[in-house]
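Here are a few short exercises to work through with the model open in your viewer. Try each one before you read its solution.

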Amino acid sequence: MSLVVATLKRDLLLAARNPGEWANPLMFFLMVAAMFPLAVDPDPKFLSKISGGVIWVAALLATLLSLDALYKADVEDGTLEQWLASGESLYALALVKALVHWCISGLPLTLMSPVLGMMLSLPNEAYWALVLSLAVGTPVLSLLGAVGAALTAGVRSGGLLLSLLILPLYVPVLIFAASAVYHAGIGMQYNGQIGFLGALLALAMCLTPFASAAALKLNLSR
Amino acid sequence: MWQWIKTLYHRLGSPKWFYDITNRWIPWLVAFSAIGAAVGLVWGLAYAPADYQQGNSFRIIYIHVPAALISQSAYLMMAVAGAVFLIWRMKMAAWVARVIAPIGASFCLIALLTGAIWGQPTWGTWWVWDARLTSMLLLLFLFFGVMALQQAMETEEAGHKASAILALVGVVNIPIIKYSVEWWNTLHQPATLKLTEKPSMHPDMLIPLLIMIATTYVFFALLVILRTRNEILWHERKRSWVKQLLEN
């Protein structure tokens, strides 16, 4: 257990000392969202309709961008082997890594999303739905993405492959989250969609660490 | 019965046994596919009555529906084979899983293409973001992902394991994707076009469809067996039984 805590501390400290790790996805998030009004239509009325979806697609891409590095260093410098030798369960490691990833990508994205909402003239009623859907949905992205990161950790140019593997699996999160924001924007109930996101989160927390652990073992056996 | 299944399972793990036994199956499978396709297609394309709404364009159903069904079963089979490989380290299962991926993807592509061809006259468009269409497209992406991961790994063994893990993650996600897409669709746009909910089919149309479905399953089995035999020959090429086989 102390190993889990130590890893959590170490990874958070590493992220704090290397601001690029969490700042780059944020900047990317901002820029992708800024491209939409430029490319599609800057009309506020139109933007208010698509803003929820745009912010969610941007969040999804930013998450993918930061996932690539999740296990690379641990595989290369032997941390992973040490972890396995310690007898601590890989399930715990996978869970902690996904948690750290969420702390440095999903959490800042969630906190920054109201600013983007303002830029994209998100309807006033939809702010809570946006923040809530991101708060519940981005951990699912981290957990699912961690499986892909573990699978591609030993592959050269694994980043592109990672997106290919994981994007189809992100579809349910995207659909429920964007639908929550959209429905809030037109003044309808959205707790059903948030409930689905919560169910996905529970499912992902139980199941994905197994897959990640199996994929990590695969990296060690080579 | 149970004993029989167990023996069969252990025998299936032996490439040589599989190669020999399928040698005897292949003629039957070929015959069944050929006769089934001939009967089903002629009945469906020439003798089944035209649909009262869609006229003759509905006849593509005899290819479209079997292909769609089989691509979904193929993903499931690939995941099961992957699980068998991960749990019991059975090499044959890994080869079968690897062989299924491109076949399943092909059937998925056929279903999408025939769907587009069918959609053009009936809906007036090649592509709609309908629940079924979207989930088939995502299934195709899932097949591509498994194939790409297999290719990307340095060793074949690692490729087998990685793609098995991915297939298992995908198989959990398939129902989630399917339902999310369906709910998303009903939430966003009212169902103006419903392809799947037609009044119950007339037997004259239904029977050829069932024949085509059965035939396509047999054809799928044939493809899997043929490609698995190739895989066996390649992996066992240094074994004496293959050398003997090739010399004769």
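A salt bridge here is a side-chain nitrogen of Lys or Arg within 4 Å of a carboxyl oxygen of Asp or Glu. Keep in mind that this is a predicted model, where local features need pLDDT of at least 70, side-chain atom pairs count only at pLDDT 80 or more, and totals for chains, interfaces and linings use all residues. Residues are numbered from 1 along each chain as its sequence is written, chains are lettered from A in the order in which they are written, and side-chain values use heavy atoms, with hydrogens and water left out.

**Exercise 1.** Find how many salt bridges there are between chain B and chain A, and what area the two chains bury.

*Solution.* Start with contacts (heavy atoms within 4.5 Å): 26 residues of chain B touch 29 residues of chain A. Next, take the buried area, meaning the accessible area (1.4 Å probe) that two parts lose on being put together, summed over both. That comes to about 2300 Å², with 85% of it on carbon and sulfur atoms. Last, count the salt bridges between chain B and chain A: zero.

**Exercise 2.** Work out which parts of chain A the salt bridge of A:Asp74 and A:Arg10 ties together.

*Solution.* A search over all chains turns up nine salt bridges. In one between A:Asp74 and A:Arg10, the N to O distance is 3.3 Å. A:Asp74 sits in helix H4 (residues 72-76) and A:Arg10 in helix H1, so the pair links parts 64 residues apart in sequence. Helices are DSSP runs of H or I, at least four residues, numbered from the N terminus.

**Exercise 3.** Describe how H1(A) and H6(A) cross.

*Solution.* First, get the axes, which are lines fitted to C-alpha atoms over the stretch in contact, with angles from 0 to 180 degrees between N-to-C directions. For H1 (residues 2-17) and H6 (residues 90-119) of chain A, the axes come within 10 Å and cross at roughly 30°. Angles under 35 degrees count as roughly parallel and those over 145 as roughly antiparallel, so H1(A) and H6(A) are roughly parallel. Then check who makes the contact: A:Arg10 and A:Asp11 are among the H1(A) residues, and A:Lys97 is one of those from H6(A).

**Exercise 4.** Do likewise for H2(B) and H7(B): how are they oriented?

*Solution.* Chain B has eight helices and zero strands. The axes of H2 (residues 15-47) and H7 (residues 203-235) of chain B come within 8 Å and cross at roughly 150°. That angle makes H2(B) roughly antiparallel to H7(B).

Conventions. Helix = DSSP H or I, 4+ residues; strand = E, 2+ residues; numbered from the N terminus. Parallel < 35°, antiparallel > 145°, perpendicular 65-115°, else oblique.
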